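Work through the exercises below with the sequence and the 3D structure at hand. Try each task before reading its solution.

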Amino acid sequence: MNIFILLFFFDFLILGEQWVNEYLRSKYSTNYEITWLNEFVEQGRPYDFILKNLETQSTNYIEVKSTLSSYRQLIPITYNEIQYCCSLERMNEHFQIYRVYNTGQLNKVKLTIVENLEEKLRKHQLELFLLI
């Protein structure tokens with residue numbers, strides 16, 4: 001793989017996470033603890049952020065999925081992400097996907113949040129597709 005393409009790919013991923021970090025910090029400024037796991041180095045976890053409500057002790061595990069596109073609805077999901085999402089047993093733990101569109105274009109960025117992924121899959125409100 002060309003080194004330029006590889007560097008662009010990592011910059012593109014970091015831009016989406018940086019945008020979500022700023023979004024979370026502006027939206028949840030009090031009574032929340034926000035941890036960005038990949039702030040300094042990729043951790044390889046099935047989520048990128050931990051958002052903990054200090055009053056209710058509820059925890060959201062957030063996976064950021066970025067795209068340069070303004071409309072791409074297909075979101076790549078890894079086995080580890082699905083496995084982790086479906087392994088949360090406590091009622092106050094949730095797995096969310098933050099889909100960042102138009103990554104790198106600050107005036108055009110938009111966000112879609114997929115909440116309660118496991119529940120939506122179980123209730124057939126979301127579908128998984130296999131792309132070959």
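**Exercise 1.** Find which residues make up the largest nonpolar core of this predicted model, and state which elements each supply at least two residues of this core.

Solution. Step 1: list the members. The largest nonpolar core has 12 residues in all: Val20, Leu24, Tyr28, Ile34, Trp36, Phe49, Leu51, Ile62, Val64, Tyr98, Val100 and Val109. Step 2: assign them to elements. At least two residues of this core come from each of helix 1 (3-27), strand 1 (32-36), strand 2 (49-53), strand 3 (59-66) and strand 4 (93-101). Step 3: look for another core. A second, separate core has 11 residues, including Leu88, Ile97, Leu117 and Leu121.

**Exercise 2.** Take Val100 and list what it is in contact with, leaving aside its neighbours within four places in sequence.

Solution. Step 1: Val100 belongs to the largest nonpolar core. Step 2: with those neighbours left aside, Val100 is in contact with Gly16, Trp19, Val20, Val64, Lys65, Ser66, Thr67, Val109, Lys110 and Leu111. Step 3: compare this with the core list. Val20, Val64 and Val109 are among the contacts of Val100, and Val20, Val64 and Val109 are also core members.

**Exercise 3.** Decide which side chains of strand 2 point to one face and which to the other.

Solution. Step 1: recall the general pattern. In a regular strand, side chains alternate between the two faces of the sheet. Step 2: apply it. Phe49, Leu51 and Asn53 point to one face and are buried; Ile50 and Lys52 point to the other face and are not buried. Step 3: check against the core. Phe49 and Leu51 are members of the largest nonpolar core.

**Exercise 4.** In what sense does strand 2 pair with strand 1 and with strand 3?

Solution. Step 1: strand 1 and strand 2 pair in the antiparallel sense over five bridges, and Glu33 stands opposite Lys52 of strand 2. Step 2: strand 2 and strand 3 are also antiparallel, paired over four bridges; here the bridge partner of Ile50 is Tyr61 in strand 3. Step 3: strand 2 and strand 3 form a hairpin with five residues between them.

**Exercise 5.** Where are Asn31 and Gln57 found, and are they buried or partly exposed?

Solution. Step 1: Asn31 lies in the loop between helix 1 and strand 1 and has a positive phi near 65° without being a glycine. Because its relative accessibility is 39%, Asn31 counts as partly exposed. Step 2: Gln57 lies in the loop between strand 2 and strand 3, and its phi is positive, about 65°, although Gln57 is not a glycine. Gln57 has 37% relative accessibility, so Gln57 counts as partly exposed.

Terms used
Residues numbered from 1 in each chain as written. Predicted model: local features only at pLDDT ≥ 70, side-chain atom pairs only at ≥ 80, totals over all residues. Heavy atoms only, no water. Core = buried A, V, L, I, M, F, W, Y, C linked by side-chain atoms within 4.5 Å. Buried < 20%, exposed > 50% of the residue type's maximum accessible area, 1.4 Å probe, protein only. Contact = heavy atoms within 4.5 Å. Pairing = 2+ DSSP bridges.
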